[in-house]
Amino acid sequence: MKIKVMVAAHKEFPMPENKDLYMPVLVGAAKNYKEEIDYQRDDEGENISLKNPNFNELTAVYWAWKNLDADAIGLVHYRRLFSKGGKRELDNILNKEQIEQLLDRAPIVLPKKRKYYIESNYSHYVHAHHKEPLDETRKVIQKNYPKYLNAFDLVMKQKSAHMFNMFIMKNKEFKQYANWLFDVLFEVKKNVNISEYSVQEARVFGYISELLLDVWIETNNKRYIETNWIQIGNRKLILKALNFLKRKFSSSSEKKTHF
């Protein structure tokens, strides 16, 4: 089985040694022109590299959808990779044999769900980001993909999700997912004004896509298998927790949810 797992990165960073399996991809390469970085660029062939400030690592997904030929295609991040668990080091990530074993059991490999416990996926999102693009996403789905609406509402109410835009999919599933995902996101982009969003918040379509993966899986009753993941380097957990609490309580009096 020919498997290509893209490792999305915007800068040079230690990468997995198995170059036949893991493919470093320089995202936003159209604006991030660094010839000295010997990664696959996301601005070759048919691409949306210039949209990287709004689509994050999805510019790598789009590039793979349009240009990459493999039996299975995946996406991880330069600091966040699939693993069997244990030490947070590059020599502890999934190898080809382990990925093939997982794909023998299901056509889609996902990270274990991230659990929020006290928040729904919807409330967690709107406490961290502008709510209008996510609400517009529901409208687009209701209009263009009504069979996905029940799953969208269900996922918004749940308190866990497969996050980070991390996956490995067999070719058929990958193409189906990418076709649906970008159709939805491009339509949402037409209908929202993000011109005054901060640099961080302008990455909105990458954030929304994290929740759409489960919507697509739920609607199409896709089989998947979960595996552990590791984050290389300092995770800054305390700072992240404090920032989350700050966002939550500063916005709770302003934002109401229907989910």
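Me: In this predicted model, what is the order of the eight strands in the open sheet?
Reply: It's a predicted structure, so local features are taken only where pLDDT is at least 70. The sheet is open and its pairing is mixed. Reading across, the eight strands run 3-2-1-4-9-6-10-5.

Me: Which strands stand at the edges?
Reply: Look for strands with a single partner strand, because one side of each is then left without a neighbour in the sheet. That picks out strand 3 (40-41) and strand 5 (80-83).

Me: What is the bridge partner of Pro111 in strand 10?
Reply: Strand 6 (residues 108-111) and strand 10 (residues 225-231) pair in the parallel sense, over three bridges. Within strand 10, Pro111 finds its bridge partner in Thr227.

Me: What angle does the direction of helix 2 make with that of strand 1?
Reply: Helix 2 (residues 58-67) packs on the sheet, and strand 1 (3-9) is one of the strands it touches. Others it touches include strand 4 (72-77) and strand 9 (167-170). Its direction and that of strand 1 make about 150°.

Me: How many of the ten residues of helix 2 are buried?
Reply: Helix 2 is mostly covered. Among its buried residues are Leu58, Tyr62, Trp63 and Trp65. The count of buried residues is eight.

Me: His77: buried or exposed?
Reply: His77 sits in strand 4. Past its neighbours within four places in sequence, it is in contact with Val7, Ala8, Glu57, Phe164, Asn165 and Met166. Its relative accessibility is 12%, and the cut-off for buried is under 20%. So His77 counts as buried.

Me: How far apart are the C-alpha atoms of Ala106 and Lys170?
Reply: Ala106 is in the loop between helix 3 (96-105) and strand 6, and it's buried, at a relative accessible area of 4%. Setting aside neighbours within four places in sequence, Ala106 is in contact with Arg223, Tyr224 and Ile225. Lys170 is 64 residues away along the chain, yet the two C-alpha atoms are separated by 9.1 Å.

Me: Helix 5 and helix 7 cross at roughly what angle?
Reply: The axes of helix 5 (residues 132-144) and helix 7 (residues 171-191) come within 9 Å. Helix 5 is oblique to helix 7, and the crossing is right-handed. The angle is roughly 120°.

Me: By class, how many residues in the contact of helix 5 with helix 7 are nonpolar?
Reply: Helix 5 contributes residues including Pro133, Val140 and Ile141, while helix 7 brings Trp180, Val184 and Val188, among others. Three of the contact residues are polar and two are charged. The nonpolar ones number six.

Definitions and conventions: Residues are numbered from 1 along each chain as its sequence is written. This is a predicted model: local features need pLDDT of at least 70, side-chain atom pairs count only at pLDDT 80 or more; totals for chains, interfaces and linings use all residues. Side-chain values use heavy atoms; hydrogens and water are left out. Axes are lines fitted to C-alpha atoms, for helices over the stretch in contact, and angles run from 0 to 180 degrees between N-to-C directions. Helices (H or I, at least four residues) and strands (E, at least two) are DSSP runs, numbered from the N terminus. Angles under 35 degrees count as roughly parallel, over 145 as roughly antiparallel, 65 to 115 as roughly perpendicular and the rest as oblique. A crossing is left-handed if the near helix is turned anticlockwise from the far one by less than a right angle, and right-handed if clockwise. Contact means heavy atoms within 4.5 Å. Ala, Val, Leu, Ile, Met, Phe, Trp, Tyr, Cys and Pro count as nonpolar, Asp, Glu, Lys and Arg as charged, and the others, Gly among them, as polar. Two strands pair if DSSP finds at least two bridges between them. Buried means under 20% relative accessible area, exposed over 50%, partly exposed in between (1.4 Å probe, protein chains only).
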